[in-house]
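Colleague: Got a minute to go through this one with me? I'd like to ask about its helices and a couple of loop residues.

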Amino acid sequence: MATFVELSTKAKMPIVGLGTWKSSPGQVKEAVKAAIDAGYRHFDCAYAYQNESEVGEAIQEKLQEKAVAREDLFIVSKLWSTFFEKPLVKEACRKTLKDLKLDYLDIYLIHWPQGLQAGKEIIPKDDKGNVLLSKTTFLDVWEAMEELVDEGLVKAIGISNFNHFQIERLLNKPGLKHKPVTNQIECHPYLTQEKLIQYCHSKGIAITAYSPLGSPDRPWAKPEDPSLLEDPKIKQIAAKHNKTAAQVLIRFLIQRNLAVIPKSVTPARIAENLQVFDFQLSAEEMATLLSFSRNWRVCCLSDLANVEDYPFAAEY
């Protein structure tokens, strides 16, 4: 079982990484340090998570302790939609690098395909609650992203939450210089994403799966929502392998050759989420898990659902 996914640039992305969305300042620094100690080398960050400076402190401490070298780490961050205007792209990337205390990123992603009006708010709105959009599209942004690669600020660029129509537009863009190396999407047994994954893989685009455990700590969870970690059929498979439901959910994705970024701030769980290379799900178990798909999403960004280029209006 490979412990990495090879990108089109030939770089090797560790197949399990630590997600940092919703990891609050105060917790995330210790989480990242515990993860490095447990053997994680891939860390998934973003400006929009508003915790990058703490992630950076943790990485810096571990680099200074010589617990790990920078070239052994694989650090991903993301350009938020309020930085779509060309001059803002580099500014945003530099801010992320400064917060993370790094001189380059391994991958920089466009976090979301719809552009928003520049400013301090993550989702800017007018007095009536309407979302304020940017006139700049992700196609315009891509040229500025390519410049970051050429200047050595980032090793590679990618996308997140893009549907296949949007990827097609990007790949067909006249003068495309650097192809996206990865599309980071939500993926788990309730949202199996077969068509989108097949499409991306056919284009040489790797997939990173976010919310692999169904993001049980999401702020908008409702009591009646389905729970992957409590699903009796998933727990049954886990018991058979003497593993936890979380480990089965992670293994399910890496057996599909997807990178996976489970989030935790609990050192024991952080370590447990990496203990997924000593067992194998059978073809039958994989088929069972795939059969649970019900198009259920954790992350919808429903504020943007009625706006042009909303990525989840398409089937895939």
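What follows is a short back-and-forth on helix packing and backbone angles.

Modeller: Ground rules: this is a predicted model, where local features need pLDDT of at least 70 and side-chain atom pairs count only at pLDDT 80 or more, while totals for chains, interfaces and linings use all residues. Residues are numbered from 1 along each chain as its sequence is written, and side-chain values use heavy atoms, with hydrogens and water left out.

Colleague: Why do the buried residues of helix 5 line one face of the helix?

Modeller: Helices here are DSSP runs (H or I, at least four residues), strands likewise (E, at least two), numbered from the N terminus. In helix 5, residues 164-171, the buried ones (under 20% relative accessible area, 1.4 Å probe, protein chains only) are His164, Gln166, Ile167, Leu170 and Leu171. Taking directions from the helix axis to the C-beta atoms, they line one face because they fall within an arc of 155°.

Colleague: Which residue caps the N-terminal end of helix 5?

Modeller: Look for a side-chain oxygen 3.0 Å from the backbone nitrogen of Phe165. The residue that supplies this oxygen is Asn163.

Colleague: How are helix 7 and helix 10 oriented to each other?

Modeller: Helix 7 (residues 232-241) and helix 10 (residues 283-290) have axes 11 Å apart, at an angle of about 160°. Axes are lines fitted to C-alpha atoms over the stretch in contact, and angles run from 0 to 180 degrees between N-to-C directions. Over 145 degrees counts as roughly antiparallel, so helix 7 and helix 10 are roughly antiparallel.

Colleague: Is the crossing of helix 1 and helix 2 left-handed or right-handed?

Modeller: Helix 1 (residues 28-38) packs on helix 2 (residues 52-64) at about 35°, with the axes 8 Å apart. Contacts (heavy atoms within 4.5 Å) bring together residues including Val32 and Ile36 in helix 1 and Val55 and Ile59 in helix 2. If the near helix is turned clockwise from the far one by less than a right angle, the crossing is right-handed. For helix 1 and helix 2, the crossing is right-handed.

Colleague: Asn242 has a positive phi; is Asn242 buried or exposed?

Modeller: Most residues other than glycine have a negative phi, but Asn242 has one near 60°. Asn242 sits in the loop between helix 7 and helix 8 (245-254). The cut-off for exposed is over 50%, and because its relative accessibility is 71%, Asn242 is exposed.

Colleague: What is the phi of Asn257?

Modeller: Asn257 is in the loop between helix 8 and strand 10 (259-260). Its phi is another positive value in a residue other than glycine, near 65°.

Notes. A polar contact is a pair of N or O atoms within 3.5 Å; within protein, one must be able to donate a hydrogen and the other to accept it, and residues adjacent in sequence count only if both atoms are side-chain atoms. Angles under 35 degrees count as roughly parallel, over 145 as roughly antiparallel, 65 to 115 as roughly perpendicular and the rest as oblique.
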